[in-house]
Amino acid sequence: MKFRSVFDIIGPVMVGPSSSHTAGAARIGRVARTLFGRQPEWAEIRLYGSFAETYKGHGTDVAIVGGLLDYDTDDDRIRTAFEDAERLGMRYEFIAEEEEPEHPNTAKLRIGDKDGEMELTGISIGGGKMEVTELNGFPLRLTGHYPALLIVHHDRPGVIAGVSNALAAEGINIAHMECGRKEKGEMALMVIEVDQIIDEAMIRLISGLDNVTQVSILAD
Amino acid sequence: MDILFSSVKELVALAEESGKPISEIMIEQEMQITKRTREQVVSQMERNLEVMEEAVEKGLKGVHSTSGLTGGDAVLLQTYIKSGNSLSGDLLLDAVSKAVATNEVNAAMGMICATPTAGAAGIVPGTLFAVKEKLNPTREQMVNFLFTSGAFGFVVANNASISGAAGGCQAETGSAASMAAAAIVEMAGGTPQQSAHAFSIVMKNMLGLVCDPVAGLVEVPCVKRNAMGAAKALVGADMALAGIVSVIPTDEVIEAMHRIGRSMPSALRETAKGGLAATPTGKRLESEIFGKKAAESGVE
């Protein structure tokens with residue numbers, strides 16, 4: 001089931017005008033910001049399908065930039081996200097791609113600063129919900145059925161065990177897990193879907209583990 | 001994580017067997033899935049109701065979008081109702097005006113509650129706040145109206161689609177109007193099965209509706225599709241309450257909507273390339289609104 005909660009149907013409370021093209025887009029931007037862990041200095045945003053055709057009319061562009069500034073879907077500041085980005089020193093560029101995407105509402109974000117960069121592909125599946133389909137070249141299959149932890153880490157022995165031990169100690173059950181890396185010893189990614197709600201304390205605990213660089217959670 | 005129902009058939013059966021209204025089944029499922037208390041679930045829906053109420057009130061005072069394409073129609077309707085000359089009935093037109101009010105606020109980038117999407121956000125609150133004047137529901141019954149709408153929307157979202165880009169406007173205003181019809185029936189004292197019939201009667205009349213927003217804006221024809229969606233919801237609810245049944249079962253109607261959506265060309269699924277968006281006037285408006293901005297796009 002793609003939609004689990006009644007509040008996926010009656011909700012979200014949001015700044016208009018489009019749940020898929022404004023609210024869903026803001027969430028894609030915000031997840032990217034969360035995974036990056038800080039305010040990026042620049043963003044290159046590629047839009048596909050219906051996003052590419054209608055992004056100006058729907059405020060998809062302001063919404064994604066607003067998300068990158070950590071604004072939630074019901075944050076009035078989404079309206080002034082462009083001005084805010086300028087003031088906060090974040091450059092952004094939108095590229096409307098003609099290539100036919102697998103999902104009609106697809107955005108590919110490349111964001112970064114002097115310390116690093118990150119690439120994320122998100123799709124907006126309706127009613128304000130989104131899914132991440134790719135992160136830093138790793139294809140993801142985040143079903144959205146369960147809360148999911150995304151952990152960027154250095155590819156070293158014991159990191160995966162450390163994370164799973166931390167979860168087990170709190171009685172959190174893993175429903176699905178994927179691990180991948182770009183090259184041996186380089187950056188790697190763990191995606192863990194769990195049955196229970198993950199709280200802030202658990203996120204802080206995992207963030208503090210050796211070789212873990214970023215932790216984010218997708219709860220919707 | 002137990003899903004209680006994934007089809008309307010299951011939903012109605014659960015309600016009939018337990019003697020509980022559909023809204024109650026939805027609340028129970030939500031508590032099970034999200035492991036939250038009734039109080040938490042209900043209070044979140046109360047917050048949604050407040051946002052809806054504020055949007056209706058704001059829209060009835062008159063708002064206009066930045067493009068200038070929409071705004072002020074809710075006020076025109078209220079003035080017309082007060083003239084006493086309305087032909088289709090004051091309650092029906094009140095629902096229409098409140099649906100329009102919400103969507104005018106949405107088009108102006110105001111705060112709304114998606115039901116099930118922002119583009120279709122006017123229909124459920126529009127009908128709710130109009131029916132309220134006649135049925136005098138408690139606040140709890142108004143919140144339950146939203147849970148019942150949500151229960152039907154939940155089935156549509158998981159078995160078909162609520163996204164215009166995926167399924168056309170039938171998936172957005174079509175779903176919203178059908179959901180509203182089902183909820184009106186419950187509030188008016190109808191049975192769960194009558195709610196399902198109302199849903200089907202309305203959805204059958206929304207099938208095939210394309211998503212063709214002029215200039216890609218959620219304005220033309222979205223605001224007026226919300227208006228007519230609200231009208232259909234009320235008429236569909238009255239038909240079901242009168243004892244009229246849908247020959248095609250609800251789940252099969254939803255399945256038909258899904259198939260129709262999948263066979264719609266992409267030009268008619270929120271790309272602003274077909275339908276009304278592709279008319280001479282639609283294209284002229286697009287170039288007037290975005291002509292200059294489009295030329296300036298790029299690195300900012």
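This section describes the domains, the sheet, the chain interface and selected backbone features of a predicted model.

Chain A is divided by the domain assignment into domain 1, residues 1-135, and domain 2, residues 143-220. The C-alpha centres of domain 1 of chain A and domain 2 of chain A are separated by 23 Å. Contact between the two involves 11 residues of domain 1 of chain A and eight residues of domain 2 of chain A. On the domain 1 side of this contact, α1 (19-36) and β6 (129-135) of chain A each contribute at least two residues. The largest share, four residues, is provided by β6(A). In composition, the side of domain 1 of chain A that touches domain 2 of chain A comprises five nonpolar, two polar and four charged residues.

An open sheet of six strands is present in chain A, with the order β3-β2-β4-β5-β6-β7 and mixed pairing. The edge positions are held by β3 (91-96) and β7 (138-139) of chain A; each has a single partner strand, so one side of each is left without a neighbour in the sheet. Within the sheet, strand β2 (residues 42-49) of chain A is paired with strand β4 (residues 105-113) of chain A through eight bridges, in the antiparallel sense. In this register, A:Tyr48 has A:Thr106 of β4(A) as its bridge partner. Helix α3 (residues 60-68) of chain A packs on the sheet and touches β2, β3 and β4 of chain A, its direction making about 140° with that of β2(A). Helix α1(A) lies across β4, β5 (116-126) and β6 of chain A and runs at about 150° to β5(A). Thus named among the elements that cross the sheet, α1(A) also supplies at least two residues to the side of domain 1 of chain A that touches domain 2 of chain A.

The contact between the chains takes 42 residues from chain A and 55 residues from chain B. On chain B, two or more residues are given by each of α2 (22-34), α3 (38-61), α5 (90-107), β1 (111-113), α7 (139-159), α8 (164-167) and α13 (280-296). Of these elements, α7(B) gives the most, with eight residues. The side of chain B that touches chain A divides into 29 nonpolar, 19 polar and seven charged residues. Strand pairing also links the chains: strand β1 (residues 13-15) of chain A and β1(B) run antiparallel and are joined by three bridges. In this pairing, A:Val15 is placed opposite B:Met111 of β1(B).

A residue of chain A that touches both chains is A:Arg79, which is located in the loop between α3 and α4 (81-88) of chain A. Beyond residues up to four places away in sequence, A:Arg79 touches A:Val15, A:Val62 and B:Met109. A:Arg79 counts as buried because 20 C-beta neighbours lie inside 10 Å, and 20 or more is the criterion for burial. A:Val132 is 53 residues from A:Arg79 in sequence, and the C-alpha atoms of the two are 24 Å apart in space.

In chain B, an unreviewed UniProt entry lists residues 18-277 as "domain: Serine dehydratase-like alpha subunit". This span of chain B is 65% helix and 1% strand, and its end C-alpha atoms lie 48 Å apart.

Several backbone features were also identified. Most residues other than glycine have a negative phi, and most peptide bonds are trans. In chain A, a cis peptide bond with omega of about 5° joins A:Gly11 and A:Pro12, and A:Pro12 belongs to the segment before β1 of chain A. In chain B, B:Val220 and B:Pro221 are joined by a cis peptide bond with omega of about 10°; B:Pro221 lies in the loop between α10 (192-204) and α11 (222-241) of chain B.

Positive phi values occur at B:Lys35, where phi is near 55°, and at B:Asn136, where phi is about 45°; neither B:Lys35 nor B:Asn136 is a glycine. B:Lys35 occupies the loop between α2 and α3 of chain B, whereas B:Asn136 is placed in the loop between α6 (123-135) and α7 of chain B. B:Lys35 is exposed, having 11 other C-beta atoms within 10 Å. B:Asn136 likewise counts as exposed, with 8 C-beta neighbours inside 10 Å.

Notes: Residues are numbered from 1 along each chain as its sequence is written. Chains are lettered from A and ligands numbered from 1 in the order in which they are written. This is a predicted model: local features need pLDDT of at least 70, side-chain atom pairs count only at pLDDT 80 or more; totals for chains, interfaces and linings use all residues. Domain bounds come from an automatic or database domain assignment. Two residues are in contact if their C-beta atoms, placed from the backbone, lie within 7 Å. Ala, Val, Leu, Ile, Met, Phe, Trp, Tyr, Cys and Pro count as nonpolar, Asp, Glu, Lys and Arg as charged, and the others, Gly among them, as polar. Two strands pair if DSSP finds at least two bridges between them. Axes are lines fitted to C-alpha atoms, for helices over the stretch in contact, and angles run from 0 to 180 degrees between N-to-C directions. UniProt positions are given in the numbering used here, feature names are shortened, and annotations may be inferred rather than shown by experiment. A residue is buried if 20 or more other C-beta atoms lie within 10 Å of its own, exposed if 12 or fewer, and partly exposed in between; C-beta atoms are placed from the backbone.
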